Amino acid sequence: MDGKALKQALRAGRRVYGTCVVSPSPLWPAMIAGTGLDFVFIDTEHIPLERAEVSWMCQTFSARGLAPIVRIPLPDPYEACKVLDGGASGVVAPYLERVSDVQALRGAVKYRPLKGQRLDRVLAGEPLDDTLAAYLGNYAADKLMIVNIESVPAIDALDDILSVPDIDALLVGPHDLSISLGIPEQYQDSRFTRAITTIIEKGRAKGVGVGFHYSFGIQDAIAWARAGANFIVHSTDYFLVRDALRQDLDRFRDALGEERSGPGRDETVVV
C-alpha cells in the first residue's frame, strides 16, 4: 500500500496494519513485505537510527509496496522535512499538545517545499493562487500527517488540535498516555479506557484515522479496534523475534525435561 492508498483507507475508516521496524537489515524488507502488512512504522524518537539508514529503509520498503511512516524525535518541521526528503510516506510527530506545533507540522508535510514568511501567512489563512495550490497539493498527495496523542493535556486540547486542517490520523502512545494519567502500564484501568475511547471517538468523528502502537497483548488491541481504531501498529520486530524465540526455547526445555531459564534483563526502551 502506498501513501495515497493508506491515506484514503484511514480517512474512510478501513483498518490498516503495520509493525514498528527497528532493524536496518537488508534482509528485513522482503521478509516483512511477505507478511501481509500495509505499512511499516520506523521510530527515530527512541531508536538510534541514522538519517541515511532511515532513508534506505524508507526507499526499500516503498519499493516493496509498504508505506514507510516515520516518527521524528521531536515536533520540529525541519525534522519532518528531513525524513520526507529521505522517502517517508508520512510523519508522526511525538507528544503533541499545542495547536501551534500541529500547524508547524502541517506546514512541513502539506505545504512542502514552501517555507519562511510565505508559509507562515498561508498557515494563517492567506489563500494560494491556483497554480501554486495545485503544485503543492500534488506534491503532498501521498504524504500523511499523523499526530501522536500521548498525554492528558493533549486530550484536553484535542478539539482544538482536530480543528487544524489536513490531519490524516491520530496515533495514541499507550505507554506515555498511561504515565500521564498516573496509572503506569495499567491498560485495563477504566481511566485509560475512557481516555483512549475519547481519542478514538473524537478522531473518527472528524473523519481522520485513529490508531495506536502497542506491544503488550493482542486482546487490548482488538478491543480498541472494535471501538473504532483503524491505524494498527502491532508490536515491534524486536519484541516479535524475542517473544517467538523465548517460546521456542521453552518448548525445547519442556520437551527435554530441562528447567526453563529466566527471562533475562530487557534493556530496550518502551516505544
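How many aromatic pairs does the count come to in this structure? In this predicted model, the count comes to eleven aromatic pairs. The points below take up those rings, then the nonpolar cores, the two pockets that head the ranking by size, and finally a glycine in a loop.

**Aromatic rings**

- One aromatic cluster is formed by Tyr187, Phe192, Phe212, Tyr214, Phe216, Trp224, Tyr238 and Phe239.
- Within the pair made by Tyr214 and Phe216, the ring centres are 5.7 Å apart and the planes stand at 80°, so this pair is edge-to-face, an arrangement that requires planes over 60 degrees apart.
- Tyr214 is buried, because its relative accessible area of 3% falls under the 20% limit, whereas Phe216, with a relative accessible area of 40%, is partly exposed.
- The rings of Tyr238 and Phe239 are also edge-to-face, because their planes meet at 80°, and their centres are 5.4 Å apart.
- In this second pair, Tyr238 is partly exposed, with a relative accessible area of 34%, while Phe239 is buried, with a relative accessible area of 6%.

**Nonpolar cores**

- In soluble globular proteins, nonpolar side chains tend to be buried together.
- The largest nonpolar core of this model contains 72 residues, and the ones with the most contacts inside it are Ile149, Ile167, Leu170 and Ile199.
- If the neighbours within four places in sequence are left aside, Ile167 is in contact with Arg11, Val102, Met145, Val147, Ile161, Leu162 and Val208.
- Another core lies apart from the largest one and has six residues, including Tyr111, Leu119, Val122 and Leu123.

**The largest pocket**

- The volume of the largest pocket is about 320 Å³, and among the 18 residues that line this pocket, Gly18, Thr19, Leu37, His234 and Leu240 are the closest to its centre.
- Two or more lining residues come from each of strand 1 (16–20), helix 2 (28–33), helix 12 (218–226), strand 8 (231–236) and helix 13 (237–255), and helix 12 gives the most, with four residues.
- Sorted by class, the lining of the largest pocket has twelve nonpolar residues, five polar residues and one charged residue.

**The second largest pocket**

- The second largest pocket holds about 250 Å³ of space, and of the 14 residues that line it, Pro77, Tyr78, Lys115, Gly116 and Leu119 lie nearest its centre.
- At least two residues of this lining are supplied by each of helix 4 (77–85), helix 5 (99–110) and helix 6 (116–123), with the largest share, four residues, coming from helix 6.
- The lining of the second largest pocket divides into nine nonpolar, two polar and three charged residues.
- Leu119 therefore appears in two settings, because this residue is one of those nearest the centre of the second largest pocket and also belongs to the core of six residues, whose members are by rule buried.

**A glycine in a loop**

- Gly207 has its place in the loop between helix 11 (190–205) and strand 7 (209–214).
- Gly207 is partly exposed, because its relative accessible area is 22%, a value between the 20% limit for buried residues and the 50% limit for exposed ones.
- Although Gly207 and Leu10 are 197 residues apart along the chain, their C-alpha atoms are separated by 8.5 Å.

Key: Residues are numbered from 1 along each chain as its sequence is written. This is a predicted model: local features need pLDDT of at least 70, side-chain atom pairs count only at pLDDT 80 or more; totals for chains, interfaces and linings use all residues. Side-chain values use heavy atoms; hydrogens and water are left out. A nonpolar core is a set of buried Ala, Val, Leu, Ile, Met, Phe, Trp, Tyr and Cys residues joined through side-chain atoms within 4.5 Å. Buried means under 20% relative accessible area, exposed over 50%, partly exposed in between (1.4 Å probe, protein chains only). Contact means heavy atoms within 4.5 Å. Rings of Phe, Tyr and Trp (its six-membered ring) pair if their centres lie within 6.5 Å; planes under 30 degrees apart count as stacked, over 60 as edge-to-face and the rest as tilted. On a 1 Å grid over the protein atoms alone, a cavity is a set of points where a 1.4 Å probe fits but cannot get out, and a pocket is an open set with protein on both sides within 12 Å along at least five of seven lines; lining residues have an atom within 4 Å of a point. Grid points are joined across faces, edges and corners, and a volume is the space filled by probe spheres set on the points. Ala, Val, Leu, Ile, Met, Phe, Trp, Tyr, Cys and Pro count as nonpolar, Asp, Glu, Lys and Arg as charged, and the others, Gly among them, as polar.
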